[in-house]
Each structure stands twice: as C-alpha cells, then as structure tokens.
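Student: Please take a close look at one helix with me and show me how it fits in with the rest. I am in my first year, so explain the terms as you go.

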Amino acid sequence: MSTENHPACGTTEITTSTQPTASRRDFLKTTASGTAIASTTAASTLITNSFLARNAHAFGSDIIKVGLVGCGGRGNGAAKDAMMADAGCRLTSIADVFYDRLADGKKQLQKTLGNQYDVKEDQAFSGWEALDQILKTDIDVILLATPPGFRPAQMEAAVKAGKHVFCEKPVAVDPVGVRRVMAASAAAESKGLCVVSGLCWRYDYGVKATIEKIHSGAIGEIVSIQENYLTGTLWNRTPKPEWTPMHNQVLNWLYYRWLSGDHIVEQFIHSLDKALWLHHDVPPTICYGTGGRQVRTQPQFGDIYDHFSVVYEWADGTRCHASTRQMSDCYSETEDYVYGTEGTAKVLANEIKGKTNWKFEGNKPSMYQLEHIALMKAIREGKPINNGDYMCKSTLMAIMGREAAYSGQIIKWDDMLSSNQKLGPDRPDWGDAPAVEVAMPGQYKFIEAE
Ligand SMILES: NC(=O)c1ccc[n+]([C@@H]2O[C@H](COP(=O)([O-])OP(=O)(O)OC[C@H]3O[C@@H](n4cnc5c(N)ncnc54)[C@H](O)[C@@H]3O)[C@@H](O)[C@H]2O)c1
C-alpha cells in the first residue's frame, strides 16, 4: 500500500539498465577460489580489496541477490524498483513478521517480478526472528521496509552481517534510535558497504537541479523557507477479533508514536529533508512549535497528532516555517517555498524566479528507481555510497519538531543529539502493547540526557 502524496513525482519509466557490460567483466576477473581481482587498468585502484572480497559473489556470478524485510506496500515497491534497476538482480529472500503478509507478498512479488523472483520455500521467513534468518542467507543487499520503530536494530544487524542496505525513511523514531543508525552507517562506511536512503527526493532530477541552482546563488542568499505538507488522511486497518493489542499496533503502526514517530516524522520528513539539504545538511540549532489532534481523535488513531506547525532556526539566523496536516476535506498542498535575497523558488515545482527565471524541463524518471539504480551501480562499480549522514539528521530534525510541539518548549539540536529517549522495544511480545497516551503541551516532558 503506497501511501504517500508526492505531487512532483516523475512518471516516466526508466529504461537505463546497469546490466553488467563486457568491459566491466573484462575489468574484473574471478579466480578459481571466487575472489575477484582487478585487472591492471588504472581504475582498479578505486576498488578496495575488502570490498572486492565481500562482493566476490556478486561480481563472480554477475547476479546481485536481494532480500526484503517488510512485505507491505513500500517493501514490495522497493523490491520491484531494485529489480528494474539492474537486470542482474534477483529477489532471493523475503521476510515479514506476519505469516499472512509474507504469503500475500510472495504472491504479489512472484507476479510482478517474473523471472527475477527466485525465492525458494526455505528462503521466506516470518516471526520476530525473520530478520536474523534472512541475514544468514547469501543475499548481497537487504531492503529495510518495515515500520521505522524497528529500523535501528535492523540496520545494526544488517551492517554487522555485511549486507549493503536500502533503508526506508525515517530511520528511527527517537534519538537513541538515530544514534544507533548513525553508528551503523559509520560502520557500513568503514566496511565498504552501501547505505542508500528512501528519502527519494534526493534522487529526483528536477528537485536536485533546483536545489543545485539555489546553492549556486540563483536566488541570492536564503532568508527563509516554508515547508508545506498539507494532505489527507492515510489508511487504517480494521482490527479483527483474533488480533491482540500488539497485533493491532504493529499493523496500524502509522498511528503509534513508538512505531511511526508520528506523522511529522513518518511523512513530513520528506519536506524537512529538503530544508536540511537547502542548508547544505547543516542542522538547525533550535525549534519550537505547536500541534494537536483535532479531527482524528478516535481510539483507532492511537496517540499521534493530526497537525503540526514548527519553526526551525539555524545558527545563521535563517528559519524554516514547517506545517503539516493530515485531514480530509481540507486544502491540500505539498511544496517547498524558498525565499532568497534576490529571488524565490518552489522546489517541488522545480521553478525559480529571480535574476533569471528558470524551470526544469528535463526528463523525470521515477526517483524510486533512480535510488536503486544508484545503489546497484555503486555495488557493481565498487564505489560504495553512504546516505547515512543526511538520513539520520533529517530523522532527528523531524523528531525534534515533534518533541517541540508535544512539550510546548524550545528544543535544542544538541539536546536532541544526547537525549536518552527510547520509545519502544526492538522485538515486542505479542499480547500487551505499550500504553497509548496523547502528548499534552505544557505537561509532556522531553527526555534529556541524564
Ligand atoms: N519513500 C517513500 O516515499 C515511502 C512511501 C511509503 C512508505 N515508506 C516507508 O516505508 C516503510 C513501510 O511502509 P508501508 O507503507 O510499506 O507499510 P506497510 O504496513 O504496508 O508494510 C510494512 C510491513 O512490515 C511488516 N512488519 C512490521 N514489523 C515488522 C518486523 N519487525 N519485521 C518484519 N516485518 C515487519 C508488516 O507486517 C507489513 O507487511 C515505512 O517506514 C514508511 O515510512 C516510504
């Protein structure tokens, strides 16, 4: 179930394939022991020995084996994107905590992936141990697409197991989780593993070109940014009598803070990430804001808010006014307005008005495919990419906004970085679920480091 509203998402199907070429095969030769060795070309210096050793399988067979954790709307979509990105990819293992979701995923993936679906019966796993089991298989890449509350533990385990990672956004729901993912991303870098983030706008040609223009001075100096993500409500799964409270929370994870981080983290992160990017990935120093739960007040909507309005301030005095709402039958708009000393820009509209007016007119392949093309290309070329820095900062920036609105206080970036807040267990028991309590500004306390 793909749930997000991406007004500027390109629709052109991409045809570029990173299928291995003859020259690449010449470049890499495989020894009898399966260890790839570089030819004498100058480019060989780009590939480190450890990287080659770890990727011997992928290079040796020209097949990149992919595993998926979380057979939901995005997970199944990501698997398809990965397969379309590289004709040499095969989906060889899948995992989902629920057996029936796994079975549905299997059926759907078999149908959409054709001969790139190569999951044997004993390579499909369910239950809380499914992650450990899938990591023991010989996959080269893992796609992490479960609710974000589980992501930090999954990232740690995936990197420890030596897998390249595609990591859906957000990467965590609390500061402790963000720090775990920061450490795992750093470990991935030192092991020569790729970490590619599901913050897909970073890969969109039009958005990228617009932000590059702004960075090169097309609207002068940035004075302020307005981020709007005003949208409708999302899905809600009707509970069945046999579901325990924990079943219900995990399946309706969007509405539980310990699983989704609230919608400012789960969805609005896309916009906050662009504000961060516009600031060259320098995070804001403080933020304050408001929010609440005005329409979605029924118990099935757990403990999350339905609107937030947060002001982020940077050390250089620039601000980002960030508003998000998930309510039906209201005005909808998703846009990033950037105001500069010499002009203005709309990032999602790919438009600049300033010294010279400009609009991106180029080809816009699907950004979802572009991120997987980048990942597979990096694996094949032995030039790891690591999106760990910005995916962690954007996640923390979104959590910071949530904590500001929940508490009604000013929240500092440095306090976020050191906060001991941890919202939920890595592997909960079925049965009882965490208490559901809506945050009341003025009463809710942000947890700082001890
Ligand atoms: N980049 C984007 O544009 C985009 C779009 C949609 C969703 N997402 C992100 O993708 C992730 C998944 O979203 P979705 O819409 O596919 O949700 P979903 O509910 O449709 O799918 C999640 C799946 O994960 C399974 N699951 C839950 N906990 C698990 C665990 N601990 N181990 C294994 N499996 C588990 C569930 O059973 C379910 O099948 C979220 O982080 C979401 O924010 C990103």
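Tutor: Let's choose helix H4, since H4 contributes the most to the shell around the ligand, with 3 residues. Before going on, keep in mind that this is a predicted model: local features need pLDDT of at least 70, side-chain atom pairs count only at pLDDT 80 or more, and totals for chains, interfaces and linings use all residues. Residues are numbered from 1 along each chain as its sequence is written.

Here is the shell itself. The ligand is surrounded by 29 residues, and the closest are Gly-70, Gly-72, Arg-74, Val-97 and Thr-146. A residue counts as near the ligand if its C-beta atom, placed from the backbone, lies within 6 Å of it. Two or more residues of this shell come from each of helix H4 (73-85), strand S4 (89-96) and helix H6 (130-136). Helices (H or I, at least four residues) and strands (E, at least two) are DSSP runs, numbered from the N terminus. Sorted by class, the shell holds 14 nonpolar, 8 polar and 7 charged residues. Ala, Val, Leu, Ile, Met, Phe, Trp, Tyr, Cys and Pro count as nonpolar; Asp, Glu, Lys and Arg count as charged; the others, Gly among them, are polar.

H4 also has a helix as a partner. The axes of H4 and helix H14 (residues 367-381) come within 8 Å and cross at roughly 55°. That angle makes H4 oblique to H14. Axes here are lines fitted to C-alpha atoms, for helices over the stretch in contact, and angles run from 0 to 180 degrees between N-to-C directions. Angles under 35 degrees count as roughly parallel, over 145 as roughly antiparallel, 65 to 115 as roughly perpendicular, and the rest as oblique. The crossing of H4 and H14 is right-handed; a crossing gets that name if the near helix is turned clockwise from the far one by less than a right angle, and is left-handed if anticlockwise.

Which residues meet there? On the H4 side they are Gly-77, Asp-81, Ala-82, Met-84 and Ala-85, and on the H14 side Tyr-368, Gln-369, His-372, Ile-373 and Met-376. This contact is made up of 6 nonpolar, 3 polar and 1 charged residue. Two residues are in contact if their C-beta atoms, placed from the backbone, lie within 7 Å.

Now zoom in on Ala-82, which belongs to helix H4. Ala-82 is buried, because 27 other C-beta atoms lie within 10 Å. The rule uses C-beta atoms placed from the backbone: 20 or more others within 10 Å means buried, 12 or fewer means exposed, and in between means partly exposed. Leaving out residues up to four places away in sequence, Ala-82 touches Val-66, Cys-89, Leu-143 and His-372. Ala-82 and Gln-369 are 287 residues apart in sequence, but 7.0 Å apart in space, C-alpha to C-alpha.

Ile-64 makes another such link. Ile-64 sits in strand S3 (residues 64-69) and is buried, with 27 other C-beta atoms within 10 Å. The C-alpha atoms of Ile-64 and Arg-380 are separated by 8.7 Å, although these residues are 316 apart along the chain. Gly-72, one of the closest residues to the ligand, has a distant partner too: its C-alpha atom is 9.0 Å from that of Asp-104, 32 residues apart along the chain. Asp-104 is part of helix H5 (residues 99-113), and it is partly exposed, with 15 other C-beta atoms within 10 Å.

For comparison, look at another helix pair. Helix H7 (residues 151-160) and helix H8 (175-191) pack at an angle of about 20°, with their axes 9 Å apart. H7 and H8 are therefore roughly parallel to each other, and H7 passes H8 in a left-handed crossing.

Finally, step back to the whole chain. Its secondary structure comes to 16 helices and 17 strands, and 48% of its 450 residues count as buried. Of the contacts with a separation of 6 or more, 76% are between residues 24 or more positions apart. The pair Ala-82 and Gln-369, 287 residues apart in sequence, is a good place to start turning the model yourself.
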